[in-house]
Amino acid sequence: MSLTLADARIVTPEGAHDGWLTIEDGRITHVGRGSAPRAGHSLGGRHVVPGFVDLHNHGGAGGSFPTGDHDGARAAVALHERHGTTTMVASLVTGAIDELTTAAASLAELCDEGLFAGLHFEGPYIAAARCGAHNPALLREPSPGEFARLVKAGRGHVRMLTLAPELPGALDTIRAAAAEGVIAALGHTSATYEQTLAGIEAGATVATHLYNAMVPLGHRDPGPIAALLQDERVTVELINDGVHVHPAMLRLAYDVAGPARTALVTDAMAATGMGDGDYVLGSMRVNVAGGVARLAEGGSIAGSTLTMDVAFRRAVQEVGLSLPEAVEIASRTPARVLGIADRVGSIAVGKSADLVVLTDELEVAGVMRRGAWVRPAEPA
Ligand SMILES: [Zn+2]
């Protein structure tokens with residue numbers, strides 16, 4: 001069965017143009033310019049961008065991935081899908097090793113189903129001084145052997161490990177991750193500039209929410225941020241909710257790292273899509289007020305209530321990026337980080353039909369995943 005979407009403003013890797021596309025068996029089979037050769041579903045001139053790819057997400061709609069609970073995870077994925085995320089990684093937080101292996105084994109079943117593109121261990125190998133909303137009592141020193149247990153529990157679905165490179169055993173663990181095909185991400189770290197470079201040299205290729213939970217930029221003491229931004233091997237995650245990072249600092253990161261090394265992430269937690277109130281993130285109690293999640297004790301920012309459509313819209317409206325630039329950092333670059341850019345992250349023939357229809361104000365008007373509407377495009 002083939003579907004034609006007509007009268008669309010399509011954002012492809014080459015730029016934006018008015019045109020149409022056809023979809024068959026979940027894939028894009030044609031991308032054309034101008035009027036469609038046959039009648040189709042008119043999008044009334046609205047934008048069509050590739051589905052968003054979120055590398056760092058802990059849940060939503062009351063569901064929390066660190067629990068490993070399937071119903072909660074499905075509710076969270078459904079929420080993020082309605083906001084345009086068609087590919088996402090399930091992020092865990094620091095927990096006891098047995099809890100982490102149990103949660104990973106449970107979530108691996110949802111990876112088998114295609115619900116997640118992989119699993120992300122954020123911690124437990126992170127710095128106490130920069131642990132944010134992670135339980136400081138459960139932090140550990142990295143070891144390749146223990147990390148291998150975590151990877152094994154995920155049955156081939158573990159895609160990322162966030163750790164602090166200055167900890168004893170970190171560089172060996174980064175090498176072990178890289179050898180396993182797991183992305184080593186540096187974050188929640190007290191590392192110096194030099195220690196960060198050593199982590200990159202060992203094989204780390206991602207910065208976990210750049211700026212947050214790391215030593216700030218200093219002109220005499222550049223710290224991790226300068227090293228992560230400047231190294232061509234590293235892609236930097238940014239939480240573009242206006243709370244975690246000022247738009248000017250997002251612009252600075254983008255200008256240094258460029259669209260091919262910048263990835264928007266949500267770092268969303270269970271409260272996303274819900275009201276203010278009390279929640280948990282892993283073993284920590286979190287209070288959400290005005291949409292900002294903070295630890296009940298100490299007040300550290302504890303993840304976000306961000307969705308990718310908002311991050312995308314802010315990239316254009318608050319940061320000043322063009323639509324193709326925003327598409328690059330919300331879809332194509334994170335897909336490339338995950339090694340799946342041949343299938344998702346852009347609108348091109350042969351790619352999965354993962355699409356977001358956006359109004360002129362960049363509000364979501366429709367979402368398609370693998371060729372099926374998860375939120376049908378409303379009549380224009
Ligand atoms: Zn996180």
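Partly exposed describes a residue whose relative accessible area falls between the buried range, under 20%, and the exposed range, over 50%. With that in hand, here are some views of this predicted model.

**Figure 1. The whole protein, a chain of 380 residues with nine helices and 21 strands**. Let us begin with the overall picture. The radius of gyration is 20 Å, which agrees with the value near 21 Å that a compact globule of 380 residues would have. Along the principal axes, the C-alpha atoms fill a box of roughly 65 × 45 × 40 Å. Buried residues make up 58% of the protein. Among contacts with a separation of 6 or more, 67% join residues 24 or more positions apart. On the outside, about 14000 Å² is exposed, and carbon and sulfur atoms supply 50% of that area.

**Figure 2. The charged side chains of the protein**. There are 29 positive and 42 negative side chains, and the centres of the two sets lie 3 Å apart. Side chains of opposite charge can pair when their charged atoms come close. How many salt bridges does the structure hold? The count is 17, and the next views visit some of them.

**Figure 3. Arg155 and Asp112, a salt bridge between distant parts of the chain**. The closest N and O atoms of this pair are 2.9 Å apart. Arg155 sits in the loop between helix H3 (144-153) and strand S11 (158-163), while Asp112 belongs to helix H2 (residues 97-112), and 43 residues separate the two. Are these partners buried or exposed? The answer lies in between: Asp112 counts as partly exposed because its relative accessibility is 48%, and Arg155 is also partly exposed, at 44%.

**Figure 4. Glu297 and Arg285, joined by a salt bridge**. Here the closest N and O atoms are 3.2 Å apart. Glu297 lies in the loop between strand S18 (292-295) and helix H8 (308-317), and Arg285 in strand S17 (residues 284-289), so the pair ties together parts that are twelve residues apart in sequence. Glu297 is exposed, with a relative accessible area of 63%. Arg285 is exposed as well, with a value of 52%.

**Figure 5. Glu328 and Arg332, a salt bridge within helix H9**. The N to O distance in this pair is 3.5 Å. Why are Glu328 and Arg332 separated by about one helical turn? The reason is that they are four residues apart in helix H9 (residues 323-337). Glu328 is buried, with a relative accessible area of 14%, whereas Arg332 counts as partly exposed at 24%.

**Figure 6. A network of salt bridges**. This view brings together three residues, Glu201, Asp231 and Arg233, which are linked in the network. Look out for Asp231, which returns in the next view as a contact of Arg261.

**Figure 7. Arg261 and its surroundings**. Where is Arg261 placed? Its position is in the loop between helix H7 (247-257) and strand S15 (262-265). Arg261 counts as buried because its relative accessibility is 6%, and buried means under 20%. Setting aside neighbours within four places in sequence, the residues in contact with Arg261 include Leu228, Leu229, Gln230, Asp231 and Glu232. Val234, Thr235 and Val236 are also among its contacts, together with Val256 and Thr333.

Note on methods
Residues are numbered from 1 along each chain as its sequence is written. This is a predicted model: local features need pLDDT of at least 70, side-chain atom pairs count only at pLDDT 80 or more; totals for chains, interfaces and linings use all residues. Side-chain values use heavy atoms; hydrogens and water are left out. The radius of gyration is taken over C-alpha atoms; the globule rule is 2.2 Å times the number of residues to the power 0.38. Buried means under 20% relative accessible area, exposed over 50%, partly exposed in between (1.4 Å probe, protein chains only). Contact means heavy atoms within 4.5 Å. Accessible areas come from the Shrake-Rupley method with a 1.4 Å probe; for residues, only the protein chains shown count as cover. Lys and Arg count as positive and Asp and Glu as negative; His and the chain ends are not counted. The place of a charge is taken as NZ of Lys, CZ of Arg, CG of Asp or CD of Glu. A salt bridge is a side-chain nitrogen of Lys or Arg within 4 Å of a carboxyl oxygen of Asp or Glu.
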